[in-house]
Amino acid sequence: MAAIGFPLGKGVKRKRHEDDGQTAAACTPQTFHCGTLLDISLLKLHQNCVLAERNLHRSVLIANTLRRLQAEVHWENGRNEMLNKMPLPPPEKPTSQPVSKMGEEITDLNNNLARAPSPSLTEPPFCLLSGNDSSLSSAISTILQDLDFVEDLSPPPDQASPEDDHLLPLKPASPDPRAEPKPPDSIFAAFEIADSDDFLIDGSLDAIFEDIDTSMYDVQQGFPAGACPTIQPIKASRGTPSAKPHNSRTDITELENLMDLLVG
Amino acid sequence: MRRAGSCGSDVQWCFTQVKGTTDLDVSEADIISTVEFNHTGELLATGDKGGRVVIFQREQETKNQPHRQGEYNVYSTFQSHEPEFDYLKSLEIEEKINKIRWLPQQNAAHFLLSTNDKTIKLWKVSERDKRPEGYNLKDEEGRMKDLSTVTVLQVPVLKPMDLMVEVTPRKIFANAHTYHINSISVNSDCETYMSADDLRINLWHLGITDRSFNIVDIKPVDMEELTEVITAAEFHPHHCNLLVYSSSKGTLRLCDMRAAALCDKHAKLFEEPEDPSNRFFFSEITSSVSDVKFSHSGRYMMTRDYLTVKVWDLNMETKPIEIYQIHDYLRSKLCSLYENDCIFDKFECAWNGSDRLLLNSDFTIPFKPGFPEYS
């Protein structure tokens, strides 16, 4: 193969930074810390969910990593408490499978039982946990609760039909300090976005447009109905700046038809 | 388990062409996001982040140098997808081309499917090297003639012209995916194709754009229970009822569409058992399958994950028949790769025409030679 000096695998993410070598050297399997990994994971999850272009695949992988971290932290806390109370040999290592907030095993492909447990992070060569585990556990709980709140960034809809799973994100969970810290499951609620058609065919159209000022469409003022672009009142109510040109004419046409119905 | 690097003595790899710029500073829109040869290898389509598709055509082999591979030259360029904004969901829809698939050629024209995150389009690529001249009602510029000047009827004739490649959109398949489309695959019946996103797979008819059938749906009732997504999907090359899809947990599911309308229950599950001595914290992320391809024979499947290429026999679900470590040296650096997001990179794989060689994309070298043959 000819030696050619152009970067074949070049991508935006792969630009070398000055401290790349140092980071790589410091991050050996035996030395990376749970807290650092947790911070990185939560930051990635948060960034992914605030991006206009969300990546569900990436979020799932990061969330699974967080669940494993949380499970290991909990197991480690339990073990430490046992050791502090009774000078007995540590209990048998529990499964490190990801668990839901109810303590049940999370299922594969969202239906089947999970596979064999993954290696414990406290086993060599991956002695992940160090430092004060109880404080870490509480920090994780706080972060996850904040994450549950933060991740619900999509505007909550006005109505929710329980029969139709295409509709609407879940409501943000109210944090219960007495409950077990929840895994970052509610981030996927942000991906629970409705199909655009469902909004338009929903029966309670009045509720959708109740906050729109339609006075400009008042015929008595000499303003012909349907003359103005129907996108305008929506922009006025939300106070958003004008958006980029929209290539999907179907939505605009349907909005125009609805406005014609409203103004008669 | 066979280690990569045992190169076959009869395989020599070298670069024949470099298309595009070698400049280090390229714009984001020019970054190529997908490539696909057509079935004969005559045409090569590339899609980029700017929503454009560039088609290259191989030169005809000359009699002077019959053994030399023809060079590829630009055949056509067109804007496939434009950036869109979904007002109701307040989301930007990228124009980046995720996948291109050629349809089997049935006449002089070529057809290809291109898709971004939400919309699939069918394009017709045709050549025109003749044009009709001598219309009775129109002049040479196409304007209507004054009928009073028309005294003699003439028969229009086809005259040669400079070759012109026309690319026209024939169908647009939209509004069927809530999540990002990661795969499209044309069925062997040449009438249907499927599109897969993170949680669902839809079946389309190439001639019908206003409806599709959902054949796989792994979305949980409660999104809080979501732990696995669909990463790739492909139809069997010969059996129009069989399809395979891969998951982010490294599993493959072979589905038979004859069994049920909704193929949530797989016919076969291909899953490699975990080796307790070889597990590590990021093993779940690195086991996420980024690409799956059937061999041309239909007997084998190849999968690509972050660290390995695996070959599966459709008759054996318990483990792959071959595993190739691609860059094992990265195992000790997974933490850094996780930090800088490189661990989420996706790679593709392909069989060569005779199923003798396995090809895969990588960080530094495009091809990995020297795999045993599979026929």
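These are my notebook entries on chain B of a predicted model.

**Confidence**

I began with the scores for the whole model. The ipTM is 0.83 and the pTM is 0.66. Then I turned to chain B. Its mean pLDDT is 86. Of its residues, 88% reach 70 or more. I next looked up where the pLDDT drops below 50. Residues 1-8 of chain B are one such stretch. In the model this stretch has 15 contacts beyond near neighbours in sequence. Residues 364-375 of chain B also have a pLDDT below 50. For that stretch I noted 41 contacts beyond near neighbours in sequence.

**Chain B as a whole**

I checked the secondary structure. Chain B has two helices and 24 strands. I then looked at burial. The chain has 375 residues, and 50% of them are buried. For surface, I wrote down about 18,500 Å² accessible in chain B. Carbon and sulfur atoms account for 51% of that surface. Last came the contacts between residues at least 6 apart in sequence. In chain B, 50% of these join residues at least 24 apart.

**One residue: B:N38**

I picked B:N38 for a closer look. Where does B:N38 sit? I found B:N38 in the loop between β1 (32-37) and β2 (43-48) of chain B. Is B:N38 buried or exposed? B:N38 counts as buried, because its relative accessibility is 8% and the cut-off for buried is under 20%. Which residues does B:N38 touch, leaving aside neighbours within four places in sequence? I listed contacts with B:L43, B:W102 and B:H110. B:L43 falls within the range given for β2 (43-48).

Conventions: Residues are numbered from 1 along each chain as its sequence is written. Chains are lettered from A and ligands numbered from 1 in the order in which they are written. This is a predicted model: local features need pLDDT of at least 70, side-chain atom pairs count only at pLDDT 80 or more; totals for chains, interfaces and linings use all residues. Side-chain values use heavy atoms; hydrogens and water are left out. pLDDT is the predictor's confidence in each residue, from 0 to 100. Contact means heavy atoms within 4.5 Å. Helices (H or I, at least four residues) and strands (E, at least two) are DSSP runs, numbered from the N terminus. Buried means under 20% relative accessible area, exposed over 50%, partly exposed in between (1.4 Å probe, protein chains only). Accessible areas come from the Shrake-Rupley method with a 1.4 Å probe; for residues, only the protein chains shown count as cover.
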